[in-house]
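I sat down with this one to go through its helices, a few buried side chains and the odd bits of backbone. Here are my notes, in the order I looked things up.

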Amino acid sequence: MNTLRAAITSVGGYVPEDRLTNADLEKIIDTTDEWITTRTGIKERRILKDPAKASSDMAVEAIGQILEKKQLDPLEIDCIICATVTPDMVFPSTANLIGDKIGAKNAYGFDISAACSGFLYALNMGTALIESGKNKKVLVVGVDKMSAIVDYTDRTTCIIFGDGAGAVLLEPTTEDVGVMDSILRSDGSGAKHLHMKAGGSLRPATIETVAAREHYIYQEGKHVFKFAVTGMADVSQELLEKNHLTGEDIDWLVPHQANLRIIDATRERINLPPEKVMINIHKYGNTTAGTIPLCLWDFEKQLKKGDKLVMAAFGGGFTWGATYVKWAY
């Protein structure tokens, strides 16, 4: 009996039109284009400025491309998994709002909150649903409107983040392609280094929390950088060893786009040349759960059936992981 695998059969992506360049940031905070570029690799990021639009709207744009390319009726979709830390609202889930907006009336949906590793967590969950035989068409979307939780007076964080969405369609296959393996990890003791201080049940919104600017990203950059370099690189190498692979076997590294130096450390750890790494951080910045699917969207035309991909991420929480995929088309 052939093994049932979950294959990525289509990709969609969306970034807002408005750009926030390093030159723009020079006008509002004490920084320079050279400082930002040297430390992060970012030149600009996209910002969703329409106050009536939220994460679900960007996700709908990305998914719409998949529906069009595949000529897929939304009623055929079984499940929508949305990875995000910027849901439209605390409840209902953003996945349910997406389902309503695209007309996926037969689908159930739920959100996954794992920060920058969210897409890999969601992809792993979607893969399990396909492999179980329970679902045949699962949409996995990574989306974040980071501009909604960024303090543009904080020069340490506002240079990093942007808005965007990427989505993939998972379908069953018995071919030797698809999501082959994943290693996912988390360590809640890292929460103190990267979190949002208020807005949850521990510190609900009050006049005091708003005045203290506690509803924005709080990050201790040096600690996060140190853990991210080690976490992403080590888990990628562990995944290769587990699957009896070396860097020579890998066609593409698809890294979370947080910092060019973290990406380079991961690439070097698994012995990949720079031309085998998907990079778009210079265009979009860190879109959190959106980075990996946005890379797939940007590089889709360069991918060939059977290409071996390693996707790797590290996020607040801490969360991190790596996923091995054989491209299906």
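What follows is my running notebook on this structure.

**Ground rules**

I am looking at a predicted model, where local features need pLDDT of at least 70, side-chain atom pairs count only at pLDDT 80 or more, and totals for chains, interfaces and linings use all residues. Residues are numbered from 1 along each chain as its sequence is written, and side-chain values use heavy atoms, with hydrogens and water left out. My helix and strand names follow DSSP runs numbered from the N terminus: helices are H or I with at least four residues, strands are E with at least two.

**Entry 1: helix α4**

I started with α4, residues 94–102, and asked which of its residues are buried. I found T94, A95, I98, G99 and I102 (buried means under 20% relative accessible area, exposed over 50%, partly exposed in between, with a 1.4 Å probe and protein chains only). Why do they sit on the same side of α4? They cover an arc of only 145° around the axis, so they share one side of the helix; the arc is that of the directions from the helix axis to the C-beta atoms. As a reminder to myself, an α-helix has 3.6 residues a turn, so residues three or four places apart point the same way.

Next I checked what covers these residues, and the list includes α3 (55–70), β4 (79–83), β5 (108–112) and β6 (138–145). Just after α4 comes G103, with a positive phi near 80°.

**Entry 2: two helix pairs**

I took α3 against α4 and noted axes that come within 10 Å and cross at roughly 50°. (Axes are lines fitted to C-alpha atoms, for helices over the stretch in contact, and angles run from 0 to 180 degrees between N-to-C directions.) That makes α3 and α4 oblique to each other; under 35 degrees counts as roughly parallel, over 145 as roughly antiparallel, 65 to 115 as roughly perpendicular and the rest as oblique. Their crossing is right-handed, meaning that the near helix is turned clockwise from the far one by less than a right angle; anticlockwise would be left-handed. On the α3 side I listed S56, D57, A59, V60, I63 and L67, which meet T94, L97, I98, K101 and I102 of α4 (contact means heavy atoms within 4.5 Å).

Then I looked at α7 (residues 221–242) and α8 (residues 260–269), which pack at about 30° with axes 8 Å apart. These two are therefore roughly parallel, and α7 passes α8 in a right-handed crossing. Among the α7 residues that meet α8 are F225, A228, V229 and M232. R261, in α8, is partly exposed at 42% relative accessibility. Setting aside residues up to four places away in sequence, R261 touches R39 and F225.

**Entry 3: H256, T287 and α10**

I looked up H256 in the loop between β11 (252–255) and α8. Is H256 buried or exposed? At 1% relative accessibility, H256 counts as buried. Its side chain makes a polar contact with the side chain of T291 at 2.7 Å and another with the side chain of N286 at 3.5 Å. (A polar contact is a pair of N or O atoms within 3.5 Å; within protein, one must be able to donate a hydrogen and the other to accept it, and residues adjacent in sequence count only if both atoms are side-chain atoms.)

T287 lies in the loop between α9 (281–284) and α10 (291–299), and is buried at 1% relative accessibility. A polar atom of the T287 side chain lies 3.2 Å from the backbone nitrogen of T291. Beyond four places in sequence, T287 touches D144, M146, G162, D163, G164 and L294.

As for α10, seven of its nine residues are buried, including T291, I292 and L294.

**Entry 4: backbone oddities**

For background: most residues other than glycine have a negative phi, and most peptide bonds are trans. I noted a cis peptide bond between F91 and P92, with omega about 5°, and one between G317 and F318, with omega about -10°. P92 is in the loop between β4 and α4, and at 35% relative accessibility P92 is partly exposed.

Where is H244? I found H244 in the loop between α7 and β11, exposed at 72%, with a positive phi of about 55°. R213 also has a positive phi, near 60°, and is partly exposed at 41%.
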